[in-house]
Amino acid sequence: LGVFVTKSDGTDYLTDNPYNNIKYTGTGETNATTWTVDPATPVYLNVEKATAYAYFPRQVSYTDLTSIPITNDGTDWMYSAPEENLDFQNATAAFSMQHAMSIIRVKIERANATDQGTISKVTIDGNGWATGATLNLKEGTVGNYTGENSQLVKTNVGTLGESALTYDHWVVPTGNTTDMTFKVTLDDMT
């Protein structure tokens, strides 16, 4: 996890050494993970109230909690709502993570056809996704979309046989409801 800790008003918790993008490493079960801070950058809270923000997976270069770029590169980007009212007596944050990405999974089956065919291309058109965006942990939002309504294309899908052909497109959902159009190029037919 990458964790940011600020004062309740959003300013740096420590002015000389801000808690920006602190590395936490997880251990344990998927639904009961315990996260441990990097010993090189411990977080110390005092009497002043703090707010903590988290995202996953942590990227070393991100230092601004309002503009973390994400793309449809197959990374399962996640982010949390802020954990508020933390201090030295209440120093444990329980982050509930949300997915920033969606998967459009395509499965192509031969069904009742007896012969095989090569699928050279599948395209998907619609207006409910983007190829990139920005996480704003402070607001708990995904926005500033890039590549909105881009056509999704997969080439050299494979040859239809006894087993189905399956693959995934990672996208950033924009919240728009959309009809999707699929075009499959099978041998010389689309």
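These legends go with several views of one predicted protein model.

**View 1. The whole chain, an all-strand affair with 0 helices and 16 strands.** The C-alpha trace runs to about 70 × 35 × 25 Å along its principal axes. At 190 residues, a compact globule would come out with a radius of gyration near 16 Å, but this chain has 22 Å. Of the contacts with a separation of 6 or more, 68% link residues 24 or more positions apart.

**View 2. The surface and its charges, with about 11,100 Å² exposed by the protein chain.** Carbon and sulfur atoms supply 45% of that area. Buried residues make up 33% of the 190 in the chain. As for charge, there are 11 positive and 22 negative side chains, and the centres of the two sets sit 4 Å apart.

**View 3. The largest nonpolar core, a set of 17 residues.** Tyr55, Ile70, Leu135, Leu137 and Val142 are the ones that touch the most other members. Three strands each put in at least two residues: S4 (50-56), S5 (68-71) and S12 (132-136). A second core lies apart from this one; its 13 residues include Ile119, Leu152, Leu160 and Tyr167. In soluble globular proteins, nonpolar side chains tend to be buried together.

**View 4. Close in on leucine 135 and its contacts.** Setting aside neighbours within four places in sequence, Leu135 is in contact with a run of residues at Leu65, Thr66, Ser67 and Ile68, and also with Ile70. The rest of its contacts are Tyr55, Met78, Tyr79, Ala100, Thr141 and Val142. Among these partners, Tyr55, Ile70 and Val142 turn up again from the core in View 3.

Note on methods: Residues numbered from 1 in each chain as written. Predicted model: local features only at pLDDT ≥ 70, side-chain atom pairs only at ≥ 80, totals over all residues. Heavy atoms only, no water. Helix = DSSP H or I, 4+ residues; strand = E, 2+ residues; numbered from the N terminus. Rg over C-alpha atoms; globule rule 2.2 N^0.38 Å. Buried < 20%, exposed > 50% of the residue type's maximum accessible area, 1.4 Å probe, protein only. Contact = heavy atoms within 4.5 Å. Areas by Shrake-Rupley, 256 points an atom, 1.4 Å probe, with all protein chains shown as cover. Lys, Arg positive; Asp, Glu negative; His and termini not counted. Charge placed at Lys NZ, Arg CZ, Asp CG, Glu CD. Core = buried A, V, L, I, M, F, W, Y, C linked by side-chain atoms within 4.5 Å.
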